Amino acid sequence: MTTLVVHESMFGNTRTVAHAITPDLPGPVEVVDVVDAPTPLPPDVDLLVVGGPTHAFSMSRATTRHDAVTQGAGPDHEALGIREWLDGLPPSPHVAVAAFDTRIAKVRHLPGSAAKAASKVVARHHLGHVIGVESFYVDDVAGPLREGEVERARTWARSLVPGDLVDAD
Ligand SMILES: Cc1cc2nc3c(=O)[nH]c(=O)nc-3n(C[C@H](O)[C@H](O)[C@H](O)COP(=O)(O)O)c2cc1C
């Protein structure tokens with residue numbers, strides 16, 4: 001069982017979650033920034049965990065990443081997000097996929113989620129079978145992660161069983 005974690009992060013919160021969950025995933029585990037993520041997936045990857053920030057109710061776009069930079073994020077992650085990376089992947093139906101995002105807690109009632117959007121792309125383009133979709137909450141645009149969210153993420157990671165399926169809709 002080999003796991004690849006691909007993360008996108010403008011302010012560092014999604015990256016923090018991606019690294020925090022690695023001890024809880026089936027190993028060996030490789031964690032890569034989306035700008036360094038391989039296309040296609042290496043043939044030995046059984047579980048892909050993909051995480052990104054929710055921007056404008058969905059996965060980020062070049063325009064929203066640029067907005068993040070104007071709000072203080074570093075420029076290094078403006079070029080590419082998980083949306084574009086997933087768009088470039090060929091189908092690989094045997095791979096189990098779990099998606100997570102970070103979102104702002106004070107707008108928790110809003111439906112938009114990058115993880116949900118990513119899971120729909122995975123299902124639609126046969127990039128794998130979705131086994132988990134979850135959001136973790138930050139206090140504001142730049143973070144920090146809400147208290148307890150790293151622990152919740154670690155519990156979520158331990159719950160990912162590659163044989164399971166969840167409905168991407
Ligand atoms: C342009 C932009 C749009 C955003 N839109 C949303 C949104 O629709 N819903 C939400 O909950 N958070 C939204 N946020 C907050 C992000 O989710 C937050 O910045 C992110 O979780 C931080 O993760 P990161 O540190 O990994 O970038 C937005 C942030 C930016 C910069």
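Let's start in a loop: F57 lies in the loop between strand 3 and helix 2. Before going further, please keep in mind that this is a predicted model. F57 has a positive phi of about 70°, although it is not a glycine. How exposed is F57, then? It counts as partly exposed, with 14 C-beta neighbours inside 10 Å.

Right beside it is A56, found in that loop between strand 3 and helix 2 as well. A56 also has a positive phi, near 50°, and it too is a residue other than glycine. This one counts as exposed, because it has 12 C-beta neighbours inside 10 Å.

While we are on backbone details, here are a few more. Where do we find cis peptide bonds? One runs from T39 to P40, with omega near -5°. P40 sits in the loop between strand 2, residues 29-33, and strand 3. Another cis bond joins G143 and P144, and there omega is about 0°. P144 has its place in the loop between strand 5 and helix 5. And just after helix 4 comes H126, whose phi is positive, near 55°.

Now for the strands, beginning with strand 4. How many of its nine residues are buried? Eight are, so strand 4 is mostly covered. Look at its partners next. On one hand, strand 3 and strand 4 run parallel and are joined by seven bridges. In that pairing, G52 stands opposite D101 of strand 4. On the other hand, strand 4 pairs with strand 5, again in the parallel sense, over nine bridges. If you want to find this pairing on the screen, A96 stands opposite H129 in strand 5, and R103 stands opposite Y137 in strand 5.

Strand 5 itself covers residues 129-138. Seven of its 10 residues are buried, so the strand is largely enclosed by the rest of the structure.

That brings me to the core. The largest nonpolar core has 41 residues, and those touching the most other members are V6, L48, V50, I82, V97, A99 and A118. Which elements build this core? Each of the following supplies at least two residues: strand 1 (3-7), helix 1, strand 3 (47-53), helix 3 (82-87), strand 4, helix 4 (114-124), strand 5 and helix 5 (149-159).

Let's zoom in on A99. Leaving aside its neighbours within four places in sequence, A99 is in contact with V50, A115, A118, S119 and V133. Three of those names come up again in helix 4, where A115, A118 and S119 are among the buried residues. The others buried in that helix are A114, K116, A117 and V122. And what covers the buried residues of helix 4? The cover includes strand 3, helix 3, strand 4 and strand 5.

Helix 5 is a nice one to rotate on the screen. Its buried residues are E149, A153, W156 and A157. Seen down the helix axis, these buried residues fall within an arc of 100°, so they line one face of helix 5. The face turned away from that buried side carries the exposed residues E151 and T155. Covering the buried residues of helix 5 are, among others, helix 1 and strand 5.

One more residue in helix 5 is V150. Is V150 buried, exposed or in between? It is partly exposed, with 17 other C-beta atoms within 10 Å. Not counting residues up to four places away in sequence, V150 touches V17, A20 and L145. You will remember P40 from the cis bonds. The C-alpha atoms of V150 and P40 are separated by 29 Å, and the two are 110 residues apart along the chain.

Finally, the ligand. How many residues surround it? There are 24, and the closest are S9, F11, N13, T14 and T102. Helix 1 (13-20), helix 2 (62-70) and strand 4 (96-104) each supply at least two residues of this shell. By class, the shell has 11 nonpolar, 11 polar and two charged residues.

To tie two parts of the talk together: strand 4 contributes to the shell around the ligand, and strand 4 also supplies residues to the largest nonpolar core. Thanks, everyone. I'm happy to go back to any of these spots on the screen.

Note on methods
Residues are numbered from 1 along each chain as its sequence is written. This is a predicted model: local features need pLDDT of at least 70, side-chain atom pairs count only at pLDDT 80 or more; totals for chains, interfaces and linings use all residues. A residue is near a molecule or strand if its C-beta atom, placed from the backbone, lies within 6 Å of it. Helices (H or I, at least four residues) and strands (E, at least two) are DSSP runs, numbered from the N terminus. Ala, Val, Leu, Ile, Met, Phe, Trp, Tyr, Cys and Pro count as nonpolar, Asp, Glu, Lys and Arg as charged, and the others, Gly among them, as polar. A residue is buried if 20 or more other C-beta atoms lie within 10 Å of its own, exposed if 12 or fewer, and partly exposed in between; C-beta atoms are placed from the backbone. Two strands pair if DSSP finds at least two bridges between them. A nonpolar core is a set of buried Ala, Val, Leu, Ile, Met, Phe, Trp, Tyr and Cys residues joined through C-beta atoms within 7 Å. Two residues are in contact if their C-beta atoms, placed from the backbone, lie within 7 Å. The arc is that of the directions from the helix axis to the C-beta atoms.
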